[in-house]
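Thanks for sharing this one. Here are a few notes to read alongside the structure.

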Amino acid sequence: MSNRTYRFTFGPWNISQGADPFGPVVRPNLDFAVKLREYKKLGFDGVQLHDDDVVPADWNVDQTRKGVANVKKMLADEGLFAEFIAPRLWEDPRTIDGGYTSNSEADRKYAIDRSKRSVDIANMLGTRDIVLWLAREGTYIREAKCPITASQRILDAVNTLLQYDKNIRILGEMKPNEPMDQAYLPTPGHFLALCYRTIDPNRSGVLIESAHSILAGLDPSDDMAYTLWHKKLWSVHLNDQNGLKYDQDKTFGSVDLRRAFNTVWVLERANYDGCVGLDVKAMRTTKVEHQTKHLANSRAMFLRLVEVARSIDAAKVETLRAQRDHEELELYILAKLMGK
Ligand code: 3MF
Ligand code: MG
């Protein structure tokens, strides 16, 4: 078992105002600069960013260059690095029915142009990773789009970006539903298959979010193990999820400790060397003075589970496996999780 240290990251959207579809904000807005000052205090090393977390999407080239330079300095002053840029393609009116898979040619062009601009921002901030959460690439009713054409359009979009910049990497962050009823390429496995069809499979991989796998009825640790085996797990969004409902982004390990343990154990055994990203939301009831606790707690849970994983007696596990004594193996793991 390794003794390496992990690099922790999260996105500024993880310090939020607590609005939900049924009620308004319950905490004041914090400026980006104020959020950045929290990172190191909370034990984090880097920042995950949407393109418009950095600069507004409608700024021209010159404004964008100056704005990005300003954010680059803000990050440097805090001793933080930018992990990735994700084009936020789901809020603009032109992507109401998807970007890459929209039926409108003009909307598809907007989505591609905005994604290319995200690549430019990534370059200026010194990161080569572009994350694609394909939020609206799906349908509310099956008949709304041609699913066969949609697959090709997503591949074309990824290829266009790989072609646009010969250095960047594309990481698909797949989620089976929400906001759409059904998303195209709903799981990491789906995107993985697409990676091998791109013009550069070596620069095509995945980011796996625990809650997204759970929403697809899959185990996040198995999803991660499979993509690690492909050498294509380049980032993670660790969190937790209480069953099949809206995407909850709960504190890592808070619902199913054993599932979280298995996630950490897999990352440890595979020598995962990407960032440990957390995509977690504070509960709506959280007071303003506690609004970053979910981040600190998720990180602490991860590190506690690393300790547990490193304390597992691999020889004992092998013996129990060979004896097919899964009852004893289960008790061994449960006892470890209870600190016994
Ligand atoms: C939605 C998500 C997204 C992505 C983010 C960065 C807003 O379920 O997980 O969070 O993580 O867009 O890719
Ligand atoms: Mg996420």
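1. A good place to start, bearing in mind that this is a predicted model, is P179. The peptide bond leading into P179 from E178 is cis, with omega near 10°. P179 itself sits in the loop between β6 (169-173) and β7 (182-183).

2. Next, the metal site. The magnesium ion (ligand 2) takes its protein donors from E173 (OE), E209 (OE), H237 (ND1) and D279 (OD), at 1.9 to 2.2 Å. Along the chain, these donors are spaced as E-x35-E-x27-H-x41-D. Two of them bring distant parts of the chain together: E209 belongs to strand β8 (residues 204-209) and H237 to strand β9 (residues 233-238), 28 residues apart. Both E209 and H237 are buried.

3. Why is the arrangement around the magnesium ion (ligand 2) called octahedral? There are six donor atoms, and because the angles they subtend run from 77 to 169°, the arrangement counts as octahedral.

4. Please also have a look at K231, which has a positive phi of about 60° although it is not a glycine. K231 lies in the loop between α8 (220-229) and β9. With a relative accessible area of 69%, K231 is exposed.

5. N271 deserves a glance too: its phi is positive, about 55°, and it is not a glycine either. The loop between α9 (257-269) and β10 (275-278) holds N271. Is N271 exposed or only partly exposed? Its relative accessible area is 45%, so N271 ranks as partly exposed.

Conventions
Residues are numbered from 1 along each chain as its sequence is written. Chains are lettered from A and ligands numbered from 1 in the order in which they are written. This is a predicted model: local features need pLDDT of at least 70, side-chain atom pairs count only at pLDDT 80 or more; totals for chains, interfaces and linings use all residues. Side-chain values use heavy atoms; hydrogens and water are left out. Donors are N, O and S atoms within 2.8 Å of the metal (3.2 Å for Na, K and Ca); water is not among the atoms, so sites may look incomplete. Four donors count as tetrahedral if all angles lie between 85 and 135 degrees; four count as square planar and six as octahedral if opposite donors are over 155 degrees apart and all others between 65 and 115; anything else is irregular. Helices (H or I, at least four residues) and strands (E, at least two) are DSSP runs, numbered from the N terminus. Buried means under 20% relative accessible area, exposed over 50%, partly exposed in between (1.4 Å probe, protein chains only).
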